[in-house]
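Hi everyone, thanks for coming. I'd like to walk you through a structure that may be new to most of you. Let's put it up on the screen.

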Amino acid sequence: MESARIVGALARYTRDFPLAEDVAQEALAEALVSWERDGEPADPVGWLLATARRRAIDAFRRRSALDERYRQIAESDEVHEELPWDPDRIDDDILALIFIACHPVLSAEARVALTLRTVGGLSSEEIARAFLVPVPTIQARITRAKKTIAAAKVPFELPPAGERRQRLGGVLSVLYVIFTEGSQLLKPELAYEAIRLARMLATLLPAEPEVHGLLALVELTAARFPARTGPDGEAILLADQDRRRWDFSAVRRGLAALGYAAKAGRGLGPYGLQAAIAACHAAAPSVEETDWERIVLLYEALGRVAPSPVVELNRAVAVAMATGPAEALRIVDELDLPGSHLLPTVRGELLIRLGRNDEARAELEIAARLCPNVRERSVLLGKARRLR
């Protein structure tokens with residue numbers, strides 16, 4: 001629970017991000033032995049920080065007895081016994097840790113892995129299990145990320161205010177990727193970790209509307225989690241979900257976050273607009289009673305600020321509900337999403353509504369072959385079989 005604070009404080013203290021995590025792990029390993037023998041200390045976090053600090057000094061000694069950096073730390077250690085733990089700096093430490101883990105010098109995959117490892121406190125095994133990749137792959141990504149940060153001499157500090165806003169988009173995209181992966185792979189623990197990190201970021205940057213927009217989006221989306229699978233784990237689409245099972249506490253939190261984003265007065269950004277769409281679904285008692293006209297308008301606005309084929313595909317779905325499948329199919333036929341199951345899925349649904357069952361079955365079978373999720377694939381194949 002305290003890993004982000006501990007690593008953040010140590011990174012600020014040592015000015016060496018990889019070393020900070022290494023000595024934090026060494027301190028934890030030592031605690032597992034000594035606490036079992038001597039009992040838990042009155043201040044466990046302080047104990048870990050003090051132990052890690054000593055390990056850091058030892059590491060500097062090993063690097064070079066004449067190292068100027070070591071001499072400064074060693075001298076301060078002889079004069080001052082207080083820990084590198086300034087209560088007024090804790091939030092800045094964690095925020096700096098998030099920005100370092102999501103630094104532009106890293107690849108997208110490395111940012112996600114390092115954020116979950118250093119800020120979220122997940123083990124390499126947990127991250128690998130969540131993303132369905134081998135543990136050595138995740139370990140290699142994290143190791144390369146640390147070496148890249150060290151080679152680039154990334155300072156452990158918050159970027160300047162102007163640069164911070166410029167880099168905030170990268171931080172938000174990492175959290176959104178983590179949430180989306182957890183949601184699509186039916187790994188709720190990964191999605192909830194993204195929500196926790198988004199809440200932390202909203203607390204640390206309360207004046208940034210898109211931070212609240214992202215928090216609103218993930219809260220409102222996660223509110224549907226309890227209703228999206230059946231007793232046997234089969235996927236249940238939005239139209240068939242029992243909305244009484246939705247998490248209405250999450251809905252309230254999401255709407256509150258959306259309110260904060262709207263109050264900033266600069267207009268909703270991409271995450272805020274997606275959250276507003278999710279809010280329309282959350283407010284509706286059924287699919288038929290959803291305000292589809294408003295959703296179409298929101299997707300049109302989203303398409304202007306963040307244009308993408310996926311946005312247009314979702315707009316087509318809303319158009320189908322608002323005005324009918326024929327116009328929606330014209331939108332879909334102009335889109336290209338190579339390798340994605342989403343386009344043939346939507347096209348198949350529209351063709352069903354138009355009574356073109358043979359074409360619909362072919363599209364759903366293509367979608368099933370492309371779909372990476374086993375449960376969702378079985379839903380698609382079931383629909384295709386019923387069209388025979």
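Let me begin with a question: among contacts in the chain between residues at least 6 apart in sequence, what share join residues at least 24 apart? The figure is 60%. Please keep in mind that this is a predicted model.

Now for the overall picture. The chain has 19 helices and zero strands. Along the principal axes, its C-alpha atoms fill a box of roughly 80 × 45 × 40 Å. The chain has 388 residues, and 50% of them count as buried. About 19400 Å² is exposed, with carbon and sulfur atoms supplying 53% of that area.

Next, the charged pairs. How many salt bridges does the structure hold? There are 15. Let me show you a few of them.

One is between arginine 55 and glutamate 30, whose side chains meet at 2.7 Å, N to O. This pair links distant parts of the chain, since arginine 55 sits in helix α3 (residues 44–63) and glutamate 30 in helix α2, 25 residues apart. Both partners are partly exposed: arginine 55 has a relative accessible area of 26%, and glutamate 30 comes in at 28%.

While we are at helix α2, which spans residues 17–38, have a look at leucine 28, which is also found there. Leucine 28 is partly exposed, with 41% relative accessible area. Together with Leu32 and Val33, Leu28 forms a nonpolar patch on the surface, and the accessible area of the three comes to about 300 Å².

Another salt bridge joins glutamate 312 and arginine 315, at 2.9 Å from N to O. Here both residues lie in helix α15 (residues 309–323), three residues apart, or about one turn of the helix. Are these two buried or exposed, or something in between? Glutamate 312 is partly exposed at 24%, whereas arginine 315, at 17%, counts as buried because the cut-off for buried is under 20%.

A third example is glutamate 349 with lysine 383, where the closest N and O atoms are 2.3 Å apart. This pair, too, links distant parts of the chain: glutamate 349 is in helix α17 and lysine 383 in helix α19 (residues 374–386), 34 residues apart. There is also a network, in which salt bridges that share partners join Glu21, Arg117 and Lys146.

Let's turn to two more arginines. Where is arginine 356? You'll find it in the loop between α17 (342–353) and α18 (357–370). Arginine 356 is partly exposed, at 32% relative accessibility. Its side chain makes a polar contact with the side chain of glutamate 359, at 2.9 Å. Beyond its neighbours within four places in sequence, arginine 356 is in contact with Leu329 and Leu351.

Arginine 167, in helix α9 (residues 161–184), is buried at 13% relative accessibility. Its side chain reaches the backbone oxygen of phenylalanine 99 at 3.1 Å. Setting aside residues up to four places away in sequence, arginine 167 touches Phe99, Ile100, His103, Pro104 and Pro159.

Finally, the cysteines. A disulfide is a covalent bond between the sulfur atoms of two cysteines. How many does a search of the whole structure find? It finds zero. As for single cysteines, cysteine 102 is buried with a relative accessible area of 3%, and cysteine 371 is buried at 2%.

Technical notes: Residues numbered from 1 in each chain as written. Predicted model: local features only at pLDDT ≥ 70, side-chain atom pairs only at ≥ 80, totals over all residues. Heavy atoms only, no water. Helix = DSSP H or I, 4+ residues; strand = E, 2+ residues; numbered from the N terminus. Buried < 20%, exposed > 50% of the residue type's maximum accessible area, 1.4 Å probe, protein only. Contact = heavy atoms within 4.5 Å. Polar contact = N/O pair within 3.5 Å; in protein donor to acceptor, adjacent residues only side chain to side chain. Disulfide = S-S within 2.5 Å. Patch = residues over 30% accessible without salt bridge, like charges linked within 9 Å, V, L, I, M, F, W, Y side chains within 5 Å. Areas by Shrake-Rupley, 256 points an atom, 1.4 Å probe, with all protein chains shown as cover. Salt bridge = Lys/Arg side-chain N within 4 Å of Asp/Glu carboxyl O.
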